Amino acid sequence: MLEASITTLRRYWRVVLPVTVSVSVFTQAALVPIQRHLGVGQPVLHPDASPAEQMDAASEYLRSAFVSYAPSMLISIAAGVFTAAMLTVVLSRAVLGRPVTLGEAWREASPRLPALLLLSLALPVGAAALSLVAMAPGLLLGGAGGVLLAFLGGTGAFLVSTWLLIRFSLASPALMLERQGIVAALKRSAKLVRGAWWRVFGITLLTQLLIVLFTVLLTIPFTAVAFSIGGVDVTDLAASGFEKSWTYLIVMGIGGVVAGALTYPVAAGVTVLLYVDQRIRREALDLELSKAAGL
């Protein structure tokens, strides 16, 4: 899966890179001001703070973090949706060995963007709602028992959410390539993943771990440059409540553009190829693809 995704990136780089670079530049240009003005530092507590004060501080921090990270999450989801839509079209042509231009990809993908955005928002929002419902009894109870109950509820919600997210992980390519509605795409994904949940989970997890590792390695030099140009170290950053300077954020934003431009197509490619692979295994899609390719 990874090899095929990277091979597609190499063969269709004239279409893929303009999309991923443009999306990465737009995303970082929007995220840098948000991180500058809405960044949240770690809460500072007195060593003798009571459990009630600690809980109040934690609640305030969570509220502030939500206000800070919600816009970033929405921008990242929108960027991922646009990238996934365009690259799904490119990869669907690549499977047939056919070329595609940027204009053709946009004309085919643009009508499906609103539905794909709603689908991409529904999955994390549903997972967050499930976690909130599962942890609510413990949070309302309070005390040591409440903390334990909230932890158990959160753990259960995490496991259920992971199962559901993998079960519906192929809904995006189904929505794009089969022109399905949102509910129909979710059902289609569940049907394709049924009986292969662990395989899809393993490939998805491995891909995400490799992307995270690659991103971290790629941003290390940009982080070093950001600290050296800004003339601060980690201690100074922590002492200032993690208030980041413009120089630091801009340099890290450039690193984010480079990392995003290279990792977006790999993540989208693996998802689409998993969808195609599951259809080949279950529905003999390879025969239809061979006919469509004129073989």
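How much space lies in the largest cavity? About 60 Å³, going by the grid calculation on this predicted model. Welcome to a short tour of that cavity and of two helix contacts, both of which involve helix α11 (residues 246-283).

**The cavity**
- The count of cavities of 30 Å³ or more comes to 1.
- Its lining is formed by S5, T8, L9, V16, L87, V90, L91 and P265.
- Two helices, α1 (2-11) and α3 (51-95), each give at least two residues to the lining of the largest cavity.
- Sorted by class, the lining of the largest cavity holds 6 nonpolar and 2 polar residues, with no charged ones.

**α1 against α11**
- Helix α1 packs on α11 with the two axes 9 Å apart, at an angle of about 120°.
- That angle makes α1 oblique to α11, because angles of 65 to 115 degrees count as roughly perpendicular and only those over 145 as roughly antiparallel.
- As for handedness, α1 passes α11 in a right-handed crossing.
- From α1, the contact draws on L2, A4, S5, I6 and L9, while α11 brings P265, V266, G269, V270 and L273.
- The class tally for the contact of α1 with α11 is 8 nonpolar, 2 polar and no charged residues.
- Here is a link worth following on screen: S5, L9 and P265 belong to this contact, and S5, L9 and P265 are also among the residues that line the largest cavity.

**α8 against α11**
- Helix α8 (residues 182-193) crosses α11 at roughly 65°, and the axes come within 9 Å.
- The crossing of α8 and α11 is left-handed, whereas that of α1 and α11 is right-handed.
- On the α8 side you will find R188, K191, L192 and V193, which meet Y275, Q278, R279, R282 and E283 of α11.
- By class, the contact of α8 with α11 contains 3 nonpolar, 1 polar and 5 charged residues.

**Side by side**
- Which charged residues take part in the contact of α8 with α11? They are R188 and K191 from α8, together with R279, R282 and E283 from α11.
- The contact of α1 with α11, in contrast, has no charged residues, and neither does the lining of the largest cavity.

How values were computed. Residues are numbered from 1 along each chain as its sequence is written. This is a predicted model: local features need pLDDT of at least 70, side-chain atom pairs count only at pLDDT 80 or more; totals for chains, interfaces and linings use all residues. Side-chain values use heavy atoms; hydrogens and water are left out. On a 1 Å grid over the protein atoms alone, a cavity is a set of points where a 1.4 Å probe fits but cannot get out, and a pocket is an open set with protein on both sides within 12 Å along at least five of seven lines; lining residues have an atom within 4 Å of a point. Grid points are joined across faces, edges and corners, and a volume is the space filled by probe spheres set on the points. Helices (H or I, at least four residues) and strands (E, at least two) are DSSP runs, numbered from the N terminus. Axes are lines fitted to C-alpha atoms, for helices over the stretch in contact, and angles run from 0 to 180 degrees between N-to-C directions. Angles under 35 degrees count as roughly parallel, over 145 as roughly antiparallel, 65 to 115 as roughly perpendicular and the rest as oblique. A crossing is left-handed if the near helix is turned anticlockwise from the far one by less than a right angle, and right-handed if clockwise. Contact means heavy atoms within 4.5 Å.
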